[in-house]
Amino acid sequence: RFADTELFDPAGMHSAFFEPDAAGTFIGSSFVFMTARDWARFGELFRRDGVWEGRCLLPEGWVRYATTPTPAAPHGEYGAHWWLNAGPPGDPAARSWPAIPTDVYAARGHSGQWVAVVPSARLVVVRLGLTVPHIEASDGTETLIAELLAALGR
């Protein structure tokens, strides 16, 4: 109930469903199902620094914390549950998706499903398609976002 009343409902994410593991425990890093539109709202909530319609739904500073590379990510590729495109300190060109901005971060799910946030372009992109495991590393994230940015004149 907490996730619904404090996060999903206030942000209009009414399709959200947490599936528990075999022991009945909810796992915040996975087992969350939503429509593409609600995943877009989730990304937009992060793009707006945790604020939805004037209401702060996430703790102050959480988005900054979640999108800051962890010490265990030497190439600047991971924050708190978000994959980052920051690149290693001092070498932002050596990043996961060199064709798109360094401020991009993405929640990457199973089999190529993802939500990408591009703060500098005020853009959120959702992909719920299926990628075959042997090509999962190149699920089209970089290409799709680069083409969208080009189409938007960014």
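# Strand 7 and helix 4 in a predicted model

Read along the sequence, the chain runs α-β-β-α-β-β-α-β-β-β-β-α. Helices (H or I, at least four residues) and strands (E, at least two) are DSSP runs, numbered from the N terminus. The model is predicted: local features need pLDDT of at least 70, side-chain atom pairs count only at pLDDT 80 or more, and totals for chains, interfaces and linings use all residues. Residues are numbered from 1 along each chain as its sequence is written, and side-chain values use heavy atoms, with hydrogens and water left out.

Me: How many helices and strands are there in the chain?
Reply: The pattern begins and ends with α. The count is four helices and eight strands.

Me: What radius of gyration does the chain have, against that of a compact globule?
Reply: The radius is taken over C-alpha atoms, and the globule rule is 2.2 Å times the number of residues to the power 0.38. For 154 residues the rule gives a value near 15 Å. The chain agrees with this, at 16 Å.

Me: Is strand 7 mostly covered or mostly open?
Reply: Buried means under 20% relative accessible area, exposed over 50%, partly exposed in between (1.4 Å probe, protein chains only). On one side of strand 7, Trp114, Ala116 and Val118 are buried; on the other, Val115 and Val117 are buried. Strand 7, residues 114–118, is thus mostly covered, with five of its five residues buried.

Me: Which residue of strand 7 is the bridge partner of alanine 107?
Reply: Two strands pair if DSSP finds at least two bridges between them. Strand 6 (residues 105–108) and strand 7 run antiparallel, joined by four bridges. The partner of alanine 107 in strand 7 is valine 115.

Me: Which residue of strand 8 is the bridge partner of valine 117?
Reply: Strand 8 covers residues 123–127 and pairs with strand 7 in the antiparallel sense, over five bridges. In strand 8, the partner of valine 117 is valine 124.

Me: Which residue in the turn between strand 7 and strand 8 has a positive phi?
Reply: These strands form a hairpin with four residues between them. The phi in question is about 50°. The residue is arginine 122.

Me: Within what arc do the buried residues of helix 4 fall?
Reply: In helix 4 (residues 141–151), Thr141, Ile145 and Leu149 are buried. Seen down the axis, they line one face of the helix, because they fall within an arc (taken from the directions from the helix axis to the C-beta atoms) of 50°.

Me: Which strands help cover the buried residues of helix 4?
Reply: On the other side of helix 4, Glu147, Ala150 and Ala151 are exposed. The cover of its buried residues includes strand 6, strand 7 and strand 8.

Me: Which helix supplies the largest share of the largest nonpolar core?
Reply: A nonpolar core is a set of buried Ala, Val, Leu, Ile, Met, Phe, Trp, Tyr and Cys residues joined through side-chain atoms within 4.5 Å. The largest has 24 residues; Met34, Phe46 and Trp82 have the most contacts inside it. Helix 1 (2–8), helix 2 (36–47), helix 3 (62–66), strand 6 and strand 7 each supply at least two residues. The largest share, four residues, comes from helix 2.

Me: Which residues of strand 7 are in contact with tryptophan 82?
Reply: Contact means heavy atoms within 4.5 Å. Leaving aside neighbours within four places in sequence, tryptophan 82 touches Phe42, Phe46 and Tyr105, among others. From strand 7, its contacts include Val115 and Val117.
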